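Trainee: Could you take me on a close look at one part of this structure? I would like to understand how a strand and its surroundings fit together.

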Amino acid sequence: MTTTHFIGIDLASESFVASVFTRPDAKQPVSRPFANSPDGFAELSDWLSVQGALPDCSVICLETCGVYQEAFCYDFVRRGYSVAAESPLKVKRAFPPASAKTDALDAKHIAQYAFRFHDTLSFWQPDD
């Protein structure tokens, strides 16, 4: 199936913001905050289903952030999602400097980055 939903995740130690992007001519991406915990991952999974962002037609993209991403990546790969972990510098360079910086704006940029650079994303795989 073709990828139709690009999910940007801006992760922090205790929370994260998710943004769903479908196409450039669609209205602004939808964003929402979640707890960076198993309960937050379950809430995100349910929310993504409501958005139509199912595993077979979606890509989740986040900036590499060390230990904060591990549980998230394992959980969503287990759920069947393709999870891309990209360098923060690559994502930052893909957009003009912004006067404002918020978690929701970062998540939207990451989702748009995944759409624009889908063919070059670095997909995360769990260690053996």
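Mentor: Happy to; we will go from a pair of strands to the cysteines, and then to the largest pocket. Please keep in mind that this is a predicted model.

Let's begin with strand E4, which covers residues 58-63. Strand E4 is joined to E5 by 5 bridges, and the two strands run parallel. You can find one of these contacts yourself: look for Val59, then for its bridge partner in E5, which is Ser82. How does the chain get from E4 to E5? The path goes through helix H2, residues 67-78, and this β-α-β crossover is right-handed. Strand E5 itself spans residues 82-86 and is mostly covered, with 4 of its 5 residues buried.

Now stay on E4 and pick out Ile60, which belongs to this strand. Is Ile60 buried or exposed? Its relative accessibility is 0%, so Ile60 counts as buried. For a sense of distance, try Pro126: this residue is 66 residues away from Ile60 along the chain, and the C-alpha atoms of the two are separated by 15 Å.

Next, the cysteines. Cys61 also has a relative accessibility of 0% and therefore counts as buried. You may wonder about disulfides, and the structure holds 0 of them. Why does Cys61 not form a bond with Cys73? The sulfur of Cys73 is the closest cysteine sulfur to that of Cys61, but the two are 10 Å apart, which is too far for a bond. Cys73 is in no disulfide either; for this residue the nearest cysteine sulfur belongs to Cys65, 7.7 Å away. Like our other examples, Cys73 can be sorted by accessibility: its value is 0%, so Cys73 counts as buried.

Finally, let's turn to the largest pocket. About 290 Å³ of space lies in it. Its lining is made by 13 residues, and those closest to the centre of the pocket are Lys92, Ala98, Lys101, Asp106 and His109. Which elements give two or more residues to this lining? They are helix H3, residues 88-93, and helix H4, residues 103-116. The largest share, 4 residues, comes from H4. If you sort the lining residues by character, you get 8 nonpolar, 1 polar and 4 charged.

Conventions:
Residues numbered from 1 in each chain as written. Predicted model: local features only at pLDDT ≥ 70, side-chain atom pairs only at ≥ 80, totals over all residues. Heavy atoms only, no water. Buried < 20%, exposed > 50% of the residue type's maximum accessible area, 1.4 Å probe, protein only. Pairing = 2+ DSSP bridges. Right-handed = clockwise from strand over helix to strand, strands pointing away. 1 Å grid on protein atoms, 1.4 Å probe; cavity = no way out; pocket = protein on both sides within 12 Å on 5 of 7 lines; lining within 4 Å. Points joined across faces, edges and corners; volume = space filled by probe spheres on them. Nonpolar A, V, L, I, M, F, W, Y, C, P; charged D, E, K, R; others polar. Disulfide = S-S within 2.5 Å.
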